[in-house]
Amino acid sequence: MKRIFLFLLTNLAVMLVLGVVLSIIMSVLGLSHRSLGGILLIASVFGFGGSFISLFMSKWIAKKSTGAQVITQPRNETEHWLVQTVSAQAQKAGIKMPEVAIYDSPEMNAFATGPSKNNSLVAVSSGLLHNMSQDQAEAVLAHEVSHVANGDMVTLTLIQGVVNTFVIFAAKVLAGIVDNFLNGDEEEGGGSWSYFLFDMLFQVLFGVLASIVVASYSRKREFAADSGAAKLVGADKMRSALERLKQNHPSQLQGSMMAFGIASGKGMAELFSSHPPLDARIDALRK
């Protein structure tokens with residue numbers, strides 16, 4: 001419940017901020033909510049604005065939603081090893097040392113997040129530390145460091161912003177066309193029930209199609225992160241880690257954390273999955 005409440009509260013705050021900003025810009029420019037310029041502005045502000053605010057808040061949201069505890073002063077041998085391993089990999093990958101954290105979860109997983117290559121977080125689950133060998137855990141850390149070094153968080157945000165903008169713009173334009181066809185000029189300013197109804201329906205439809213595009217990009221970046229990990233620690237260690245993940249619990253990560261985790265949930269349709277099948281990733285490493 002805490003995670004759900006935090007998610008809803010954060011999104012509500014983002015929507016309120018963007019709504020205020022949008023109202024000010026619309027007033028200054030004198031744009032109508034039903035003009036093409038006004039619709040494009042609305043779509044851009046909410047499409048890109050929401051994505052970039054989420055990116056800049058990503059580390060804070062990740063820590064709060066998973067309960068991840070950042071290692072500031074290593075307290076035991078495991079924490080010392082984690083910090084030293086990530087430090088060595090970050091140096092080899094040419095990025096600034098990420099924050100390193102542990103979160104309590106039975107699943108074997110890890111994730112990377114953060115607004116830039118030099119301002120990032122790498123977190124691992126307690127389940128991963130308890131159920132993987134050191135070599136396997138090292139490969140998982142290398143996978144996450146590779147996500148950071150590849151700039152995947154920023155690129156995914158840009159792609160998400162573009163598709164969000166397209167979804168909002170196309171939905172509102174088509175909703176306006178349908179609304180005019182049904183009501184003619186009886187309703188002005190986009191205030192009719194049919195406009196809002198079709199706007200929501202089109203956003204859901206286009207949102208589903210857009211999620212396929214984003215998921216396809218995410219799957220490609222998983223192969224790239226596996227390849228990056230193989231360069232950092234060796235392909236054998238990365239393959240071993242992926243083999244071990246076949247016995248994993250379903251992932252509890254959400255959003256960008258799931259997209260840049262080592263494993264995703266099971267049973268999702270492949271088109272909508274943020275991760276390729278484990279066997280495909282293992283085969284790619286063999287090649």
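How many aromatic pairs does the count come to? The count comes to six aromatic pairs. Please keep in mind that this is a predicted model. Here are some points to follow as you look at the structure.

1. **Tyr103 and Phe111.** Let us start with one ring pair. The centres of the Tyr103 and Phe111 rings are 5.6 Å apart and their planes meet at 45°, so the pair is tilted. The tilted class applies because 45° is neither under 30 degrees nor over 60. Tyr103 is buried, with a relative accessible area of 3%. Phe111 is buried too, and its relative accessible area is 0%.

2. **Phe166 and Phe206.** Now turn to another tilted aromatic pair, Phe166 with Phe206, at 6.1 Å centre to centre and 55° between the planes. Phe166 sits in helix α7 (residues 152-183) and Phe206 in helix α8 (residues 193-233), so the pair ties together parts that are 40 residues apart in sequence. What about cover for each ring's residue? Phe166 is exposed, with a relative accessible area of 52%, whereas Phe206 is buried, at 16%. The value for Phe206 counts as buried because the cut-off is under 20%.

3. **A cluster of rings.** Phe166 and Phe206 also belong to a wider group: ring pairs link Phe166, Phe198, Phe202 and Phe206 into a cluster. Try finding these four residues in the structure and following the links between their rings.

4. **Lys59.** Is Lys59 buried or exposed? Its relative accessibility is 14%, so Lys59 counts as buried. You will find Lys59 in helix α3 (residues 58-66). The side chain of Lys59 is joined to that of Glu99 by a polar contact of 2.8 Å. Setting aside neighbours within four places in sequence, the contacts of Lys59 are Glu99, Thr113, Gly114, Pro115, Asn119, Ser120 and Leu121. Glu99 therefore appears both in this contact list and as the polar partner of Lys59.

5. **A nonpolar surface patch.** Finally, have a look at the surface. Which residues make the nonpolar surface patch of about 470 Å²? They are Val20, Ile24, Val28, Leu29 and Leu31. One of them, Ile24, lies in helix α1 (residues 2-29). Ile24 is exposed, with a relative accessible area of 52%. That value passes the cut-off for exposed, which is over 50%.

Methods: Residues are numbered from 1 along each chain as its sequence is written. This is a predicted model: local features need pLDDT of at least 70, side-chain atom pairs count only at pLDDT 80 or more; totals for chains, interfaces and linings use all residues. Side-chain values use heavy atoms; hydrogens and water are left out. Patches are made of residues with over 30% relative accessible area and no salt bridge: like charges are joined within 9 Å, nonpolar side chains (Val, Leu, Ile, Met, Phe, Trp, Tyr) within 5 Å. Accessible areas come from the Shrake-Rupley method with a 1.4 Å probe; for residues, only the protein chains shown count as cover. A salt bridge is a side-chain nitrogen of Lys or Arg within 4 Å of a carboxyl oxygen of Asp or Glu. Helices (H or I, at least four residues) and strands (E, at least two) are DSSP runs, numbered from the N terminus. Buried means under 20% relative accessible area, exposed over 50%, partly exposed in between (1.4 Å probe, protein chains only). A polar contact is a pair of N or O atoms within 3.5 Å; within protein, one must be able to donate a hydrogen and the other to accept it, and residues adjacent in sequence count only if both atoms are side-chain atoms. Contact means heavy atoms within 4.5 Å. Rings of Phe, Tyr and Trp (its six-membered ring) pair if their centres lie within 6.5 Å; planes under 30 degrees apart count as stacked, over 60 as edge-to-face and the rest as tilted.
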